[in-house]
Amino acid sequence: MTKKWLHPGGKLRELGASNLSDKELLAILISTGIKGKSSEEIAEEILEKFGSFYNMSNQSLEKFLEFKGISDVKIIRIAAAFEIARRLAKDILNYERQKNR
């Protein structure tokens, strides 16, 4: 029997981040839903519209306000996560360049 988590954060804690779908990871950043729509359903709408995290990362913050249930705080949280990812990617590239000298 497969365990059912109430929120993807529990699944992350138990199985690790690499075992979560893009929708589940985004739902963790969104944190809470609204009446009639869970954070996972909001995440699914966003991913359906933009197609990927890469495409999402190139959108203006205002584009996210089109989604019911996305507030300024949630948009800021998502934008911060993308910036952390960009900086990590840059650090990895710099490390690899230095290592290969």
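A nonpolar core is a set of buried Ala, Val, Leu, Ile, Met, Phe, Trp, Tyr and Cys residues joined through side-chain atoms within 4.5 Å. Keep that in mind for the exercises below, and remember that the structure above is a predicted model.

**Exercise 1. Describe the largest nonpolar core: which residues touch the most other members, and which helices supply it?**

Solution.
- Step 1: start with the membership. The largest nonpolar core has 15 residues, and those that touch the most other members are L26, I30, I46, M56, F64 and I70.
- Step 2: turn to the helices. At least two residues of this core come from each of α2, α3 (39-50) and α6 (72-99).
- Step 3: look for the main supplier. Helix α3 gives the largest share of the core, with 5 residues.
- Step 4: follow one member outward. Leaving aside residues up to four places away in sequence, I30 touches S39, I42, A43, I46, I70, K74, R77 and I78.

**Exercise 2. Set out the overall build of the protein: how many helices and strands does it have?**

Solution.
- Step 1: count the elements. The protein has 6 helices and 0 strands, and from the N terminus on the order reads α-α-α-α-α-α.
- Step 2: take the dimensions. Along the principal axes, the C-alpha atoms fill a box of roughly 55 × 40 × 20 Å.
- Step 3: check burial and surface. Of the 101 residues, 25% count as buried. The protein exposes about 7300 Å², and carbon and sulfur atoms supply 55% of that area.
- Step 4: consider sequence separation. Among contacts between residues at least 6 apart in sequence, 33% join residues at least 24 apart.
- Step 5: place the charges. There are 18 positive and 14 negative charges, and their mean positions are 3 Å apart.

**Exercise 3. Work out the setting of E24: is this residue buried or exposed?**

Solution.
- Step 1: locate the residue. E24 sits in helix α2, which covers residues 22-30.
- Step 2: apply the cut-off. Buried means under 20% relative accessible area. E24 has a relative accessible area of 13%, so this residue is buried.
- Step 3: find a polar partner. The side chain of E24 reaches the backbone nitrogen of S21 at 2.8 Å.
- Step 4: list the neighbours. With residues up to four places away in sequence left out, E24 touches P8, K11, N19 and E40.

**Exercise 4. Classify W5, S31 and E45: which of these residues is buried, and which are partly exposed?**

Solution.
- Step 1: begin with W5, in the segment before α1 (8-15). Its relative accessible area is 18%, so W5 is buried. Residues up to four places away in sequence aside, W5 touches G10, K11, E14 and L15.
- Step 2: move to S31, in the loop between α2 and α3. Because the relative accessibility of S31 is 33%, this residue counts as partly exposed. Its backbone is worth a look too: phi of S31 is near 80°, a positive value in a residue other than glycine.
- Step 3: finish with E45 in helix α3. A relative accessible area of 30% makes E45 partly exposed.

**Exercise 5. Find what E45 touches beyond residues up to four places away in sequence: which residues are they?**

Solution.
- Step 1: read off the contacts. With those sequence neighbours left out, E45 touches K37 and F67.
- Step 2: compare chain and space for F67. E45 and F67 are 22 residues apart along the chain, and their C-alpha atoms are separated by 7.9 Å.

Definitions and conventions. Residues are numbered from 1 along each chain as its sequence is written. This is a predicted model: local features need pLDDT of at least 70, side-chain atom pairs count only at pLDDT 80 or more; totals for chains, interfaces and linings use all residues. Side-chain values use heavy atoms; hydrogens and water are left out. Helices (H or I, at least four residues) and strands (E, at least two) are DSSP runs, numbered from the N terminus. Buried means under 20% relative accessible area, exposed over 50%, partly exposed in between (1.4 Å probe, protein chains only). Contact means heavy atoms within 4.5 Å. Accessible areas come from the Shrake-Rupley method with a 1.4 Å probe; for residues, only the protein chains shown count as cover. Lys and Arg count as positive and Asp and Glu as negative; His and the chain ends are not counted. The place of a charge is taken as NZ of Lys, CZ of Arg, CG of Asp or CD of Glu. A polar contact is a pair of N or O atoms within 3.5 Å; within protein, one must be able to donate a hydrogen and the other to accept it, and residues adjacent in sequence count only if both atoms are side-chain atoms.
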